[in-house]
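Trainee: I should like to work through the helix packing and the strand pairing of this model. May we take the elements one group at a time?

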Amino acid sequence: MRSASEPTVDDVDLGTVPTQLEPGSTNAIGRMLGLLGDEWTLLILQRALRGTTRYGQFLDEVAISNAVLSSRLATMEREGVLHRVVYQDRPVRAEYVLTARGRGLWPVTIAIWDWERQWVPGHAQTLPAMRHALCGQDFSPDLTCRVCRGAVPSSTVHAEWGPSGSWERSVPDSTTRRRSDIRADRSQAGLFPETMSIFGNRWSSALIGASLRGLTRFGDFVDALGAPPALVAERLRSFCDIGVLEARGRRGPGRVGRAEYHLTAKGHAFYPVVAVAIDWAQHWYAAAEGPALVQQHVPCGAPLAVALACDQCSADLHGSDIEIVPRTARRGVR
């Protein structure tokens, strides 16, 4: 019998080879949202990328219940993000180690960190700095085009559905249970409170994607997402409350459907989080029909392929070259 610590071929493939999706099934974007559109999963991922591997460590660092932690770890293992390695048989003790697929999610956490630092009041003083080991400077990540090296704001991207793309197929099969007011979730969000209000709920993350695709009207959101109108109305109100969307036109009691909801500067600034998450999704979830989303970087005309670059030295960032700088060590830097 093989040692429990030795992965099978299937275990390894799950974390190193893209998942082949069934024709007509939830597409790459929907699969990504089903995994990352959960506040606890994002917090576990953030800790795992910083080196946490053991169950008890996750319990202490994330302040999560046993039931929720076990459920999320099982999902992350099933999706090939983590690999469970048993290092002791009696009693059984295991580590949860990031696979290549899981390690590939570091740009998502870096983009989230930068958005929170720039747009959430007070976070510039509470979040740790990130230092680029290659140039020795504290940095912010710039979203760039791999082909022309130019900047990639959302306004420079032309996107349309690909062969496996549609609103219906881009929404996860199931919803995450949440309190009715997503603002209440922010008290549980740890390091990234407002991100959890946008990306830490499956319907919320689908809504920000629809907004970035140009939807503004209440009825269009309801039709596109296939979500209950009351849920869409609640999400729109919450997005307005945190300044990601701005309601224009008639708004008031009973008039939620008569306003248009436009992204603010803060909302547009969330695009790098979405861009790197979609890039990851379309690499790791492959549909035989073709991609879910076809994107072009308009300035250079090339198919969109994104990278995060250091704003200090312009070199591409790599997870292994990023250092977390404690606040006490930041004096005198930049």
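The exchange below concerns a predicted model.

Trainee: At what angle do helix α2 and helix α16 pack, and is α2 roughly perpendicular or oblique to α16?
Mentor: Helix α2 covers residues 28-36 and helix α16 covers residues 271-284; their axes lie 8 Å apart and form an angle of about 115 degrees. Angles of 65 to 115 degrees count as roughly perpendicular. Therefore α2 is, relative to α16, roughly perpendicular.

Trainee: Which residues of α2 make the contact with α16?
Mentor: The two helices cross in the right-handed sense. On the α16 side the contact involves Ala277, Ile278, Trp280, Ala281 and Gln282, and on the α2 side it involves Ala28, Met32 and Leu35.

Trainee: How many nonpolar residues does the contact of α2 with α16 have?
Mentor: Gln282 of α16 is among the residues in contact, and glutamine falls outside both the nonpolar and the charged lists, so it counts as polar. The contact has 1 polar residue and no charged ones, and its nonpolar residues number 7.

Trainee: Is helix α13 oblique or roughly perpendicular to helix α14?
Mentor: Helix α13 (residues 218-225) and helix α14 (residues 229-241) have axes 10 Å apart, at an angle of about 120 degrees. The roughly perpendicular range ends at 115 degrees, and roughly antiparallel applies over 145. Therefore α13 is, with respect to α14, oblique.

Trainee: Which residues of α14 does α13 meet, and how many of the contact residues are nonpolar?
Mentor: The crossing of α13 past α14 is right-handed. From α13, Phe218, Phe221 and Val222 meet Pro229, Val232, Ala233 and Leu236 of α14. By class, no polar and no charged residues take part, and the nonpolar count is 7.

Trainee: How many residues join β2 to β3 in the hairpin?
Mentor: Strand β2 (residues 82-88) pairs with strand β3 (residues 93-98) in the antiparallel sense, over 6 bridges. Within this pair, Val85 stands opposite Glu95 of β3. The number of residues through which the hairpin joins β2 to β3 is 4.

Trainee: In the open sheet β5-β4-β14, which are the edge strands?
Mentor: The sheet has 3 strands with antiparallel pairing, in the order β5-β4-β14. An edge strand here pairs on one side only, and the edges are β5 (137-138) and β14 (322-325).

Trainee: Which residue of β14 is the bridge partner of Met130?
Mentor: Strand β4 comprises residues 129-132 and runs antiparallel to β14, to which 4 bridges join it. For Met130, the bridge partner in β14 is Ile324.

Trainee: In the sheet β7-β11-β12, which residue of β12 stands opposite His297?
Mentor: This is an open, antiparallel sheet of 3 strands, with β7 (157-161) and β12 (302-303) as its edge strands. Strand β11 (residues 293-297) and β12 run antiparallel and are joined by 2 bridges. Opposite His297 in β12 stands Ala302.

Trainee: Is Gln295 buried or exposed?
Mentor: Gln295 belongs to strand β11. Apart from residues up to four places away in sequence, Gln295 touches Val157, His158, Ala159, Tyr271, Ile278, Ala302, Pro303 and Leu304. Its relative accessible area is 17%, and the cut-off for burial is under 20%. Gln295 is therefore buried.

Conventions: Residues numbered from 1 in each chain as written. Predicted model: local features only at pLDDT ≥ 70, side-chain atom pairs only at ≥ 80, totals over all residues. Heavy atoms only, no water. Axes fitted to C-alpha atoms, helices over the stretch in contact; angles between N-to-C directions. Parallel < 35°, antiparallel > 145°, perpendicular 65-115°, else oblique. Left-handed = near helix turned anticlockwise from the far one by under 90°. Contact = heavy atoms within 4.5 Å. Pairing = 2+ DSSP bridges. Buried < 20%, exposed > 50% of the residue type's maximum accessible area, 1.4 Å probe, protein only.
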